[in-house]
Amino acid sequence: MPLTPLDIHNKEFTRSFRGYDEDEVNEFLDQIIKDYEAVLREKKELFEQVNTQDEKLAHFHNIEETLNKSIMVAQEAADDLRSNAQKEAQLIVKESEKNANRIVNEALSKSRKVMMEMEELKKQASVYKMRFKMLIEAQMEMLQTDDWEQFAGSDDEFNEEELLKEFEEQESKS
């Protein structure tokens with residue numbers, strides 16, 4: 001067990017006839033006591049400083065650990081955010097592709113419908129042209145027959161002016 005300053009102070013030496021000078025020994029012991037007390041005080045102060053430094057170190061370790069956790073959480077949040085943004089972008093692209101395909105399909109459908117209507121109109125025009133041509137040919141045949149000449153030549157009293165008046169009257173009635 002280490003000596004204390006009190007142990008040094010209370011130390012009694014046995015006396016001998018030719019021993020050391022008691023005053024000199026006492027002075028030396030007083031000096032040792034002072035130095036020893038100073039060393040113990042310094043030791044205590046250093047021990048307190050070490051404890052304070054250990055507490056600070058523990059505090060900084062806690063801060064470091066908290067910062068590391070915060071960085072990890074922030075990094076995970078950033079990764080999640082990036083992942084969610086990529087997923088959302090992919091969904092937007094897919095939706096846009098669907099809409100584009102739908103629009104293209106609708107346009108193709110309308111185009112086909114217009115083409116079919118155009119073909120139908122061409123057929124109708126062709127039929128109309130053929131019927132009109134047949135009508136004109138029939139009228140031409142009728143005009144070229146001898147019956148028409150007989151009818152026109154048999155009645156001299158019937159003139160064109162009267163025929164036009166009758167036609168105009170019929171048109172105004174209808």
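A pocket, as the word is used here, is an open set of grid points with protein on both sides within 12 Å along at least five of seven lines, and its lining residues are those with an atom within 4 Å of a point. In this predicted model, the largest pocket is lined by H9, K11, E12, F13, T14, R15, S16, G19, Y20, E22, V25 and N26. The space inside the largest pocket comes to about 380 Å³. Sorted by character, the lining splits into five polar, four charged and three nonpolar residues. Helix α2, which runs over residues 22-144, is the top contributor to this lining, with three residues. As for the general idea behind such a search, rolling a probe the size of a water molecule over the atoms shows where empty space is left.

Stepping back to the whole chain, the fold is easy to write down: four helices and zero strands, or α-α-α-α when read along the sequence. Just 2% of the 174 residues count as buried. The chain's accessible surface adds up to about 17,100 Å², and carbon and sulfur atoms account for 57% of that.

How far can the picture be trusted? Across the protein chain the mean pLDDT is 86, with 90% of the residues at 70 or more. Among the elements, α2 has the highest mean, 93, while helix α3 (residues 146-154) has the lowest, 59. Where pLDDT is low, the predicted coordinates should not be read in detail.

Helix α2 also holds a few residues worth a look. One of them is I32. Is I32 buried or exposed? Neither, quite: its relative accessibility is 28%, so I32 counts as partly exposed, because that label covers the range between under 20% (buried) and over 50% (exposed). From I32 to H9 the C-alpha distance is 9.3 Å, with their positions 23 residues apart in sequence. H9 also belongs to the lining of the largest pocket.

Further along comes an aromatic pair, and the structure holds one of these. Its partners are Y128 and F132, which are stacked, with 6.0 Å from centre to centre and 10 degrees between the planes. The pair counts as stacked because its planes are under 30 degrees apart. Y128 and F132 are four residues apart in helix α2, so about one helical turn separates them. Y128 has a relative accessibility of 56% and therefore counts as exposed, whereas F132, at 43%, is partly exposed.

Conventions: Residues numbered from 1 in each chain as written. Predicted model: local features only at pLDDT ≥ 70, side-chain atom pairs only at ≥ 80, totals over all residues. Heavy atoms only, no water. Helix = DSSP H or I, 4+ residues; strand = E, 2+ residues; numbered from the N terminus. Buried < 20%, exposed > 50% of the residue type's maximum accessible area, 1.4 Å probe, protein only. Areas by Shrake-Rupley, 256 points an atom, 1.4 Å probe, with all protein chains shown as cover. 1 Å grid on protein atoms, 1.4 Å probe; cavity = no way out; pocket = protein on both sides within 12 Å on 5 of 7 lines; lining within 4 Å. Points joined across faces, edges and corners; volume = space filled by probe spheres on them. Nonpolar A, V, L, I, M, F, W, Y, C, P; charged D, E, K, R; others polar. pLDDT = per-residue confidence, 0-100. Phe/Tyr/Trp six-rings, centres within 6.5 Å; stacked < 30°, edge-to-face > 60°.
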